[in-house]
Amino acid sequence: MLAAGALRERLYRLEHREADALEAVELYQQAARTHPEAACRGDSAAALLLGELHGDPASAVSALLQASSRTSDAACRTRVDAALATLAAYAPAKTRDLTPTAMPAAAGDASPAAAGGDGVVQPSALPQGPATISKIERYGAADAARVVVFISQPVGYKVGFLEEGSANPRLFVDVEGARYHGKKSLDVGGLVERIRVGAGEQQTRIVLDLKARATRRVFYLPEPFRLVIDVAEEGLRPESAQKQGPRHLTRIVLDPGHGGRDPGASGPGGLREKDVTLDIAHRAAPLIARELSISTLLTRDGDDYVALDERTARANAFGADLFISIHCNASEDGGGRGVMTFVLDDSRDRVAARIAARENAASEEAAVELANALGRGSASSADSSHFAELLQRAAIASLAPSYGDIPNSGIKRAGFYVLAGARMPAVLFETSFISSTVGETRFNTGDFRQKIADGIVNAIRAYRDGL
């Protein structure tokens, strides 16, 4: 029954028929019910496949924890532990064991988009009149957290620590001329115990109660205007640019672009970017785990909408060593050819700014503003550029034998929201153009998608090996 279930699961991955997946789950569960020695293997296989099918990794984590607690099968428990490590970002707070990479120090504090302990950051083109804080979103983990403050218009702000040097300091952000009428206390958990909001005459103060000393980076995203507050436990070693020699990679995050209510770009026949990018990620992830023995997290595992801010927050909380956002390119005239990879940096390239604006769902000016503010402040920018080179070479090498007419459009630089605040080398991979008839036809084939996935895996292998 386990072998039959595995065969049905393989058919599901090849043909994408839900009936095959459901039949595989039933076979796995039947094996678990009728053969005690197969209970752990059957339950864990069913949990993973159901979690993938329903886009609910949190339920898969719960089922895996139950399967592990009930079994004496050491080999199966080892496999379950490996799966739980891959899904660590979705584990309940008490079971998380996250080891983030280092914060990019205070480099962001020196940029126009971030604040140090002194002085007030003033975004360009401040409007007149009061602003309103509409909501505060938070993403917490054991050693790191991200808080996103949505504000109705650009405002000035100041950042600092209260009781700096103490075991449990408090980080504050004073938002000038902003009003807030929501909850005054928000629980987070992990490094940030809670968020407290207090209103003054001229400003609103947002305070993060920290459980340990932490480094911080605060910056703004222009459209819609929001402040992003990233904190990580103090004492983590800053990431350094390393272009040669083997690298220790344990965790990778693949970010299938768009999803849910955001379909992304579409081809002439209606093929949607969100479906293509998810399939490419599903093809690459098991290869990374099996061939490279690297745990892989997908920012979305089904047709779900995930905010751009949350995607990077999940990667930071997972302690990823690489972040790869997968997309399909498009052009207004329905043409366009080539494979290109983007890193977060400033650029005067109007084409790059236009692509960033489309992916950000914002204006070209907003993309340029973000790139100017954060691009040069990232401690991982050199590593990002180096990995981008490897990804371009690997993708073209994988595609060229069958699709030799696809040009290498090279590395581009622009202000992508999804790359902002990443504490690891991060790239946005525009796999090819879906907007042309030829491009859509190719994206409709498993061969083309698999070759792109192979290119991603080969680039990671090269980066790990120090090429």
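Two strands count as paired when DSSP finds at least two bridges between them. Keep that in mind as you explore this predicted model.

**The whole chain.** Start with everything shown. The chain has twelve helices and 16 strands, and 55% of its 467 residues count as buried. Of the contacts with a separation of 6 or more, 73% link residues 24 or more positions apart.

**The open sheet.** Now select strand 1, residues 131-140, and strand 5: they run parallel and are joined by three bridges. Zoom in on isoleucine 133, which stands opposite tyrosine 180 in strand 5. Widen the selection to the five strands of this open sheet, which follow the order 5-1-2-10-9 with mixed pairing. At the edges are strand 5 (178-180) and strand 9 (214-221), each pairing on one side only. On average, neighbouring strands here are turned by 30° against each other, direction ignored.

**A helix across the sheet.** Next, add helix 7, residues 308-318. Helix 7 lies across strands 1, 2, 9 and 10, and runs at about 165° to strand 2 (144-151).

**The largest nonpolar core.** Move on to Leu254, Ile288, Ile324, Phe387, Ile456 and Ile460, which touch the most other members of this 46-residue core. Elements giving two or more residues to the core include strand 11 (251-256), helix 6 (273-292) and helix 12 (446-464).

What does leucine 254 touch? Leaving out residues up to four places away in sequence, its partners include Ala281, Ile288, Leu298, Ile324 and Ile456.

**One last stop.** Apart from the largest core lies another, of 32 residues; select Tyr157, Leu186, Leu191 and Val192, which are among them.

Key: Residues numbered from 1 in each chain as written. Predicted model: local features only at pLDDT ≥ 70, side-chain atom pairs only at ≥ 80, totals over all residues. Heavy atoms only, no water. Core = buried A, V, L, I, M, F, W, Y, C linked by side-chain atoms within 4.5 Å. Buried < 20%, exposed > 50% of the residue type's maximum accessible area, 1.4 Å probe, protein only. Helix = DSSP H or I, 4+ residues; strand = E, 2+ residues; numbered from the N terminus. Contact = heavy atoms within 4.5 Å. Axes fitted to C-alpha atoms, helices over the stretch in contact; angles between N-to-C directions.
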